[in-house]
Amino acid sequence: QYRRACLKALNSDLTEEVKYMDTFADENPKNYQIWQHRRVIVAMIGDGSREKEFCEKIFEEDAKNYHAWAHRQ
């Protein structure tokens, strides 16, 4: 929450934050906090158009990744 508050206060480019989060999700695809942060940032942007493609990439590694499936909904 603190990071999101800072990003908002600094009027940061949230699309860049999503790209930054891609690297963490690739390394730790089952980390709940990464997916929660990503979900909130995408909601703040208001454009989830790249999320389906991103989830498909995660599913190639592990088709049973619960967090990716929940995020995709």
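How are H1 and H3 oriented relative to each other, roughly parallel or roughly perpendicular? In this predicted model, helix H1, which spans residues 2-9, packs with helix H3, residues 32-45, at an angle of about 25 degrees, and their axes are 11 Å apart. Because angles under 35 degrees count as roughly parallel, H1 and H3 are described as roughly parallel to each other. Their crossing is right-handed. On the H1 side the contact is made by Arg3, Arg4, Leu7 and Lys8, and on the H3 side by His37, Val40, Ile41 and Met44. By residue class, this contact of H1 with H3 is made up of four nonpolar, one polar and three charged residues.

After H1 comes the loop that leads to helix H2 (14-27), and Asn11 has its place in that loop. Although Asn11 is not a glycine, its phi is positive, at about 55 degrees.

Arg38, by contrast in setting, lies in helix H3. Apart from neighbours within four places in sequence, Arg38 is in contact with Val18, Met21, Asp22, Arg50, Glu51, Phe54 and His71. The accessibility of Asn11 and of Arg38 is set out below.

| Residue | Location | Relative accessibility | Class |
|---|---|---|---|
| Asn11 | loop between H1 and H2 | 68% | exposed |
| Arg38 | helix H3 | 1% | buried |

The class of each residue follows from the cut-offs: Asn11, at 68%, is exposed because the limit for that class is over 50%, whereas Arg38, at 1%, is buried because the limit for that class is under 20%.

The nonpolar interior can be described next. In soluble globular proteins, nonpolar side chains tend to be buried together. Here the largest nonpolar core holds nine residues in all, namely Met21, Ala25, Ile34, Trp35, Phe54, Cys55, Ile58, Phe59 and Ala68. Two or more residues of this core are given by each of H2, H3 and helix H4 (51-61), and the largest share, four residues, comes from H4. Ala25, one of the core residues, is in contact with Ile34, Phe54 and Ile58 once its neighbours within four places in sequence are left aside. A second, separate core has five residues, among them Leu14, Val18, Ile41 and Val42.

Several residues appear in more than one of these settings. Ile41 belongs to the second core and also takes part in the contact of H1 with H3, while Met21 and Phe54, members of the largest core, are both among the contacts of the buried Arg38. Val18, which is included in the second core, is likewise in contact with Arg38.

Conventions: Residues are numbered from 1 along each chain as its sequence is written. This is a predicted model: local features need pLDDT of at least 70, side-chain atom pairs count only at pLDDT 80 or more; totals for chains, interfaces and linings use all residues. Side-chain values use heavy atoms; hydrogens and water are left out. Axes are lines fitted to C-alpha atoms, for helices over the stretch in contact, and angles run from 0 to 180 degrees between N-to-C directions. Angles under 35 degrees count as roughly parallel, over 145 as roughly antiparallel, 65 to 115 as roughly perpendicular and the rest as oblique. A crossing is left-handed if the near helix is turned anticlockwise from the far one by less than a right angle, and right-handed if clockwise. Contact means heavy atoms within 4.5 Å. Ala, Val, Leu, Ile, Met, Phe, Trp, Tyr, Cys and Pro count as nonpolar, Asp, Glu, Lys and Arg as charged, and the others, Gly among them, as polar. Buried means under 20% relative accessible area, exposed over 50%, partly exposed in between (1.4 Å probe, protein chains only). A nonpolar core is a set of buried Ala, Val, Leu, Ile, Met, Phe, Trp, Tyr and Cys residues joined through side-chain atoms within 4.5 Å.
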